[in-house]
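Trainee: Hi! I have a model open and would like to go through it piece by piece. Could you help?

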Amino acid sequence: MTPRRHCVWDWNGTILDDNQARLLAVNESLAGLQIAPIDMQQYRDTYCVPVPDFYARLLGRPLTRDEWLTADDTYQASYRRHLPHASHLMSGARAALLSWIARGGTQSLLSLHTHEHLLAELSHHGVGTLFRLAEGRRGPTGGTKATAMRRHVQNLGLSPQQIVAIGDAADDAVAADQAGIAVVLYTGGSHSRAALVATGAPVAETLDEALIIASTLPLAELRARAAQVPTAA
């Protein structure tokens, strides 16, 4: 058993419950593509990273570059408009963050959300000081988390064996494996439970359960699972 000293949290769909804001924004962007709106179950069954693949699943074909740029611009503007009244911290999120610290652990945050908006939201919700490091996306939209996770882990200056990631998407499992760290997936966010289970990663129904698993996940399980996780989901 390898003790986990540090937890790398995801933000959207893990600490922040912004599912409704995301769904509203997605449906506004779909309207511009002349696609019928979807409900939350369809969203969670279909959503994937990279996000252009998510739209391709709904459209039934890959998007052209112009379609993607238009859809993304609409989504980003709509998301920022809906976020103040259609999001809040996940149930138990603040308690989970404080619990990990009380156990002697450190924690950081890695998100595909725009960096400056991420920092503003952390301040708004009063949790920014609970993270040793918080990093959002500084480049273009539409990518995955893998490269950023590898860089994030290097910046932490800890052995990968001491680090565990907690997120709500299959991409979190891919990114963690490529960075050589353990991962636990949480069912409260953007992916259905079935999609998370399909990655082979441990799956938790609550953030408290995720922390319990994160603190005890054997390194042997991480190594056995690494070859099973798909490069895209």
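Trainee: Which residues of H1 meet which ones in H4?

Mentor: From H1 there are Ala21, Arg22, Leu24, Ala25, Val26, Glu28 and Ser29, and from H4 they meet Ala71, Thr74, Tyr75, Ser78, Tyr79, Arg81 and His82. Contact means heavy atoms within 4.5 Å. Helices are DSSP runs of H or I of at least four residues, strands are E runs of at least two, and both are numbered from the N terminus. Do keep in mind that this is a predicted model, where local features need pLDDT of at least 70 and side-chain atom pairs count only at pLDDT 80 or more, while totals for chains, interfaces and linings use all residues. Residues are numbered from 1 along each chain as its sequence is written, and side-chain values use heavy atoms, with hydrogens and water left out.

Trainee: What angle do H1 and H4 make, and how far apart are their axes?

Mentor: They pack at about 145 degrees, and the axes are 8 Å apart. Axes here are lines fitted to C-alpha atoms, for helices over the stretch in contact, and angles run from 0 to 180 degrees between N-to-C directions. The H1 and H4 crossing is right-handed, meaning that the near helix is turned clockwise from the far one by less than a right angle (anticlockwise would be left-handed).

Trainee: And how does that H1 with H4 contact divide by class?

Mentor: There are seven nonpolar, four polar and three charged residues in it. Nonpolar covers Ala, Val, Leu, Ile, Met, Phe, Trp, Tyr, Cys and Pro, charged covers Asp, Glu, Lys and Arg, and the others, Gly among them, are polar.

Trainee: Can we zoom in on Ala25? Is Ala25 buried or exposed?

Mentor: Ala25, which is found in helix H1, counts as buried, with a relative accessibility of 0%. Buried is under 20% relative accessible area, exposed is over 50% and partly exposed is in between, using a 1.4 Å probe and protein chains only.

Trainee: Leaving aside neighbours within four places in sequence, what is Ala25 in contact with?

Mentor: With that exclusion, Ala25 touches Tyr75, Ser78, Tyr79 and His82. Take His82: it is 57 residues from Ala25 in sequence, yet their C-alpha atoms are 7.6 Å apart in space.

Trainee: Where does H3 fit in? What is its angle with H1?

Mentor: H1 (residues 19–32) and H3 (residues 51–59) pack at about 60 degrees, with axes 12 Å apart. They are therefore oblique to each other; under 35 degrees would be roughly parallel, over 145 roughly antiparallel, 65 to 115 roughly perpendicular, and the rest is oblique. Val26, Ser29 and Leu30 of H1 make the contact with Phe54, Tyr55 and Leu58 of H3. By class, that is five nonpolar, one polar and no charged.

Trainee: What about H3 and H4, what angle do they pack at?

Mentor: That angle is about 105 degrees, with the axes 11 Å apart, so H3 and H4 are roughly perpendicular. Val51, Pro52, Tyr55 and Leu59 come from H3, and Glu67, Trp68, Ala71 and Tyr75 from H4. Seven of these contact residues are nonpolar, none polar and one charged.

Trainee: Switching to backbone oddities: which peptide bond is cis?

Mentor: The one from Val49 to Pro50, with omega near 5 degrees. Pro50 sits in the loop between H2 and H3. Another one to look at is Gln34, in the loop between H1 and H2, whose phi is near 60 degrees, a positive value in a residue other than glycine. Gln34 is exposed, at 77% relative accessible area. Most residues other than glycine have a negative phi, and most peptide bonds are trans.

Trainee: Now the sheet. In what order do the strands run?

Mentor: It is an open sheet of six strands, ordered S5-S4-S1-S6-S7-S8, with parallel pairing. Two strands pair if DSSP finds at least two bridges between them. S5 and S8 stand at the edges with a single partner strand each, so one side of each has no neighbour in the sheet. Helix H7 (residues 146–156) packs on the sheet, touching S1, S4, S5 and S6.

Trainee: Why is S6 largely enclosed?

Mentor: Because five of its five residues, 163–167, are buried. Ile163, Ala165 and Gly167 lie on one side, and Val164 and Ile166 on the other. S6 also joins S7 through four bridges, and it pairs with S1 over four bridges.

Trainee: What is the bridge partner of Ala165 in S7?

Mentor: Val183. Towards S1, Ala165 is the partner of Val8, while Ile166 is bridged to Val184 in S7.
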